[in-house]
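The following account leads the reader through a structure, beginning with its internal spaces and then turning to the contacts between and within its chains.

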Amino acid sequence: MPSETTLEASAPSPQSATTAEPLLRICNLTKRFQTPRGTIHAVEDVSLDIARGSITGLVGESGSGKTTFGRTLLRLIQPTSGSIRFDGIELTALSAREMTAMRRRMQIIFQDPVSSLNPRLKVEHIVAEGLRAHGIGTRRDRRDRVAALLEEVGLSADQMPRYPHEFSGGQRQRIGIARALALEPDFIVADESVSALDVSIQAQILNLLLDLRVKRRLTMLFIAHDLSVVDYLCDRIAVMYLGRVIENGPARPLVRQPAHPYTRALLSAVPQPDPAATRQRDVLEGSIPSPLDPPSGCVFRTRCPRVLPACADAFPPPVPVGPERIAHCINL
Amino acid sequence: MTEAPILSVEALRVAFRSGRGAVTALRDVSISLAAGRTLALVGESGSGKSVTSLALLGLLPPNGQVTGGAARYRTRAGGALDLTTLRPKDFRAVRGREIAMIFQEPMSSLNPLFTVGDQIGEMLLLHADLDAAARRRRVVEMLELVEIPAAASRLGSYPHELSGGMRQRVMIALALVCAPQLLIADEPTTALDVTVQAQILDLMRRLQREMGMSILFITHDMGVVAEVADDVAVMYAGAIIEQAPVSDLFRKPAHPYTRGLLASIPRTDRPEGERLQAIPGAVPPLTALPPGCAFAPRCPLAIPPCDEPVHLREVLASHRAACIRAEEVLAHA
């Protein structure tokens, strides 16, 4: 563990980064879990770039592999194969010790603000945990830093001696955000970070993330099942289904004119808060197949309203469907 | 429309005993549900919407108690029952045949030790006079009605062998097998993925049309409300703060909370770059409600008179709101 003493000390430095290069370049990432019942194909051959200072949304239903993907990027889960380049550094080649040092630059915010905060620790210690683990600052420096972080996320410094149960759900999620920001990371994975919140509180947290992104030039992977939320927050959206990214492009065009039949179905299934809305709904039959036994060829073909015999042959290659936009479908 | 409502709840009050004294969870809740219609009861966590449904079904936990008001239910035979005064024994005749319910998590409502066929069959055994073969036929019919593929082959399945969407279909079949007049659905699609939710909402709409039942639909999701409801009651901190036909509520919200709730929902059709209007603060705990309007501490329109008690009142035809400034809210819609 590096023993650094000042707040300004730097984390592992980039080797060959230029600012034009994406902060993260993920190539052919695959994660399979071996279980007694067979192999779970959680993430299958996913390639994705995440540009510096951008928020990329990863959207999908339960069982799509989005959470596994997010954790694999931080190597909280070890990938089966593929490459993760972060600021020019190949993460899959790092030793456990090097990866620990690297996590200073990569943080995660979890869904459940109750179970992800240690109930026995005061807020001050929860937020300072990473600083302490990385040996950053004196005790007093850390305390000042926590005070500033709490103010930044909309809490107040005098709440430092309180315990997590004394806070509401929205406030706990702010604590989780302050903790993730403490190490001044370049990259944050937010995994369903607003899903458990009531809608009026969800809006507070979404706006906080938007503000922090501008202020701190954060790069973020925002994982969610709610397309409207992802559309609000993100620059780009990648849609996952059964371990595969099936469409990827700039957020607004993707949501306004979805190309892939699954993206279209997903969007048309979202109930709109407008009783006068008239729309054609593509109701999908059945539910997502088991990742223990995904369909051959295109993983969506068993539920696809536009399926062709050739869809069983191979997972479709990416087809350009607009500026900086691709979809994996042979029938567009 | 002129028909007497099937359910009429008047000034219902519920309190819970706790270590630190009694906590009032429902404060004078009044709702009315007409035959064949869907009333959505919408609110955020802690608003009291689920307590309302439990109170109507006589399922309050042991420390909870109805402390005032009435819930008049009109039976199929035309009789009147006050659900708040029924004894547990009488409730058994009401639940299932007159009023049925479905919950968010079908896994906790279905018995994991019995097959799907046994559980639905048991309802018929309790409430209908049919022999074994006729019961079996009726169970298969019900599974087909809720669009379970290869229904007859599913009779021997256990709940854990089914997907979440299929379990919710079984739950609906179980609720509807005795053709109840009133279905209370408490967040029935909240645990489901959005594509499966769409299937279940479609199914519920079709069954309502075919069977003519009334639905009290409890949800936190304004999108779901817009899809299913004829009328909407919005709850906040244990009270109803607005009630209106669904199109009026979305087009002309009269309470600042309803307005704030609608403005805080991300919508894919919002103008580019428009920021969500979050409601500041959080819902007050029921143990520390402000003296007047419970929403006043978070309300952008709050003025000193808001510290006085406020009541639901008619602000437009069949549109009620509990806000002294409702007319101004409407004028600035």
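**Cavities, interface and paired charges**

The second largest cavity has a volume of about 80 Å³. The model in which this cavity is found is a predicted one. Its lining comprises 14 residues, and those nearest the centre are A:Pro261, A:Cys298, A:Cys304, A:Cys311 and A:Cys329. By class, this lining divides into nine nonpolar, three polar and two charged residues.

A search of the whole structure yields two cavities of 30 Å³ or more. The largest encloses about 110 Å³ of space. Sixteen residues line this largest cavity, with B:Cys293, B:Cys306, B:Ala322, B:Cys323 and B:Ile324 closest to its centre. Its lining consists of 13 nonpolar residues, one polar residue and two charged residues.

From these enclosed spaces, the description passes to the boundary between the chains. The size of an interface is often expressed as the accessible area that is lost when the parts come together. Between chain A and chain B, the buried area is about 3,300 Å², and carbon and sulfur atoms give 53% of it. Contact across this boundary involves 38 residues of chain A and 38 residues of chain B.

Which interactions between side chains of opposite charge join chain A to chain B? The count between them is two salt bridges. In a salt bridge across the interface, the side chain of A:Asp231 meets that of B:Arg270, with an N to O distance of 3.3 Å. Polar contacts between chain A and chain B amount to 19 residue pairs, with both residues at pLDDT 80 or more.

On the side of chain A that touches chain B, at least two residues each come from α6 (199-216), α7 (227-233), α8 (251-256) and α9 (261-269) of chain A. The greatest contribution to this side is made by α6(A), with 10 residues. Classified by residue type, the side of chain A that touches chain B has 17 nonpolar, 10 polar and 11 charged residues.

Charged pairs may also be considered over the entire model. Side chains of opposite charge can pair when their charged atoms come close. Over all chains, the count comes to 33 salt bridges. One salt bridge is formed by the side chains of A:Arg236 and A:Glu324, at 3.6 Å from N to O. Because A:Arg236 lies in strand β9 (residues 236-241) of chain A and A:Glu324 in the loop between β11 (319-322) and β12 (325-327) of chain A, this pair ties together parts that are 88 residues apart in sequence.

The final site is in chain B. There, B:Asp231 belongs to strand β9 (residues 231-236) of chain B. Its side chain makes a polar contact with the side chain of B:Arg37, at 3.1 Å. When neighbours within four places in sequence are left aside, the residues in contact with B:Asp231 are B:Arg37, B:Thr38, B:Leu39, B:Ala40, B:Ala244, B:Pro245 and B:Val246.

Definitions and conventions: Residues are numbered from 1 along each chain as its sequence is written. Chains are lettered from A and ligands numbered from 1 in the order in which they are written. This is a predicted model: local features need pLDDT of at least 70, side-chain atom pairs count only at pLDDT 80 or more; totals for chains, interfaces and linings use all residues. Side-chain values use heavy atoms; hydrogens and water are left out. On a 1 Å grid over the protein atoms alone, a cavity is a set of points where a 1.4 Å probe fits but cannot get out, and a pocket is an open set with protein on both sides within 12 Å along at least five of seven lines; lining residues have an atom within 4 Å of a point. Grid points are joined across faces, edges and corners, and a volume is the space filled by probe spheres set on the points. Ala, Val, Leu, Ile, Met, Phe, Trp, Tyr, Cys and Pro count as nonpolar, Asp, Glu, Lys and Arg as charged, and the others, Gly among them, as polar. Contact means heavy atoms within 4.5 Å. Buried area is the accessible area (1.4 Å probe) that two parts lose on being put together, summed over both. A salt bridge is a side-chain nitrogen of Lys or Arg within 4 Å of a carboxyl oxygen of Asp or Glu. A polar contact is a pair of N or O atoms within 3.5 Å; within protein, one must be able to donate a hydrogen and the other to accept it, and residues adjacent in sequence count only if both atoms are side-chain atoms. Helices (H or I, at least four residues) and strands (E, at least two) are DSSP runs, numbered from the N terminus.
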